[in-house]
Amino acid sequence: MRPHAREGRGKPISDTEQDLERRIRERAYALWEEDGRPDGRADEYWERARRFIEAEDDPKGPDMVADPPL
């Protein structure tokens, strides 16, 4: 769906960064599939997924996040 964010930049990324990117990619793919796989909206799904993951990882945030605002 989206190429690796740091691909081709020559800077190695940590396992933590790789795990975060994997989680975002998997969530973005799931959201995209749920919406019927629309064309041309990869960045939108990546951003939505990133916000979901950030909310999940925020220890001060709510236990359940329905859909973080755009």
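The following exchange examines how terms are applied to this predicted model.

The model is predicted, so local features need pLDDT of at least 70 and side-chain atom pairs count only at pLDDT 80 or more, whereas totals for chains, interfaces and linings use all residues. Residues are numbered from 1 along each chain as its sequence is written, and side-chain values use heavy atoms, with hydrogens and water left out.

Me: Why is the pair R37 and E33 called a salt bridge?
Reply: The term requires a side-chain nitrogen of Lys or Arg within 4 Å of a carboxyl oxygen of Asp or Glu. The side chains of R37 and E33 meet at 2.7 Å, N to O, and therefore the pair satisfies that limit. In the whole structure, the search finds 11 salt bridges.

Me: What makes R37 and E33 partly exposed?
Reply: A residue is buried under 20% relative accessible area, exposed over 50%, and partly exposed in between, with a 1.4 Å probe and protein chains only. R37 has a relative accessible area of 45% and E33 has 34%, so both fall in the intermediate class.

Me: Where does R37 lie, and what is its phi?
Reply: R37 lies in the loop between α1 and α2. Its phi is positive, about 60°, although R37 is not a glycine. G36, which follows α1, also has a positive phi, near 85°.

Me: How do you know that D35 and R48 form a salt bridge, and which parts of the chain does the pair link?
Reply: Their side chains meet at 3.3 Å, N to O, so the salt-bridge cut-off is met. The pair links distant parts of the chain, 13 residues apart: D35 is in the loop between α1 (15-34) and α2 (42-57), and R48 is in helix α2. Helices here are DSSP runs (H or I, at least four residues; strands are E, at least two), numbered from the N terminus.

Me: Why is the R48 and D35 pair also called a polar contact?
Reply: A polar contact is a pair of N or O atoms within 3.5 Å; within protein, one must be able to donate a hydrogen and the other to accept it, and residues adjacent in sequence count only if both atoms are side-chain atoms. The side chains of R48 and D35 are joined at 3.3 Å, and so the distance meets this limit.

Me: Are the partners D35 and R48 buried or partly exposed?
Reply: R48 counts as buried because its relative accessibility is 13%. D35, by contrast, is partly exposed because its relative accessible area is 40%.

Me: What separates E47 and R50 in helix α2, and what distance joins their side chains?
Reply: E47 and R50 are 3 residues apart in helix α2, so they are separated by about one helical turn. Their side chains meet in a salt bridge at 2.1 Å, N to O. E47, at 30% relative accessibility, is partly exposed, as is R50, with a relative accessible area of 25%.

Me: Which residues are linked in a network of salt bridges?
Reply: R23, R27, E56 and D57 are linked in such a network.

Me: What makes a set of residues the largest nonpolar core here?
Reply: A nonpolar core is a set of buried Ala, Val, Leu, Ile, Met, Phe, Trp, Tyr and Cys residues joined through side-chain atoms within 4.5 Å. The largest such set has 9 residues in all: I24, A28, L31, W32, Y45, W46, A49, F52 and I53. Helices α1 and α2 each supply at least two of them, and the largest share, 5 residues, comes from α2.

Me: Why does Y45 count as buried?
Reply: Y45, in helix α2, has 0% relative accessibility and therefore counts as buried. Its C-alpha atom is separated by 9.1 Å from that of A30, 15 residues apart along the chain.

Me: With which residues is L31 in contact, neighbours within four places in sequence aside?
Reply: Contact means heavy atoms within 4.5 Å, and L31 is in contact with Y45, R48, A49 and F52.

Me: How do you know that the span of α1 agrees with expectation?
Reply: The expected span is 1.5 Å times one less than the number of residues. For the 20 residues of α1 this should be 28 Å, and the end C-alpha atoms are 28 Å apart, which agrees.

Me: Why are the buried residues of α1 said to line one face?
Reply: In α1, E21, I24, A28, L31 and W32 are buried. Seen down the axis, the buried residues fall within an arc of 100°, so they line one face of the helix; the arc is that of the directions from the helix axis to the C-beta atoms. The buried residues of α1 pack against α2, while D15, T16 and E34 are exposed on the other side of α1.
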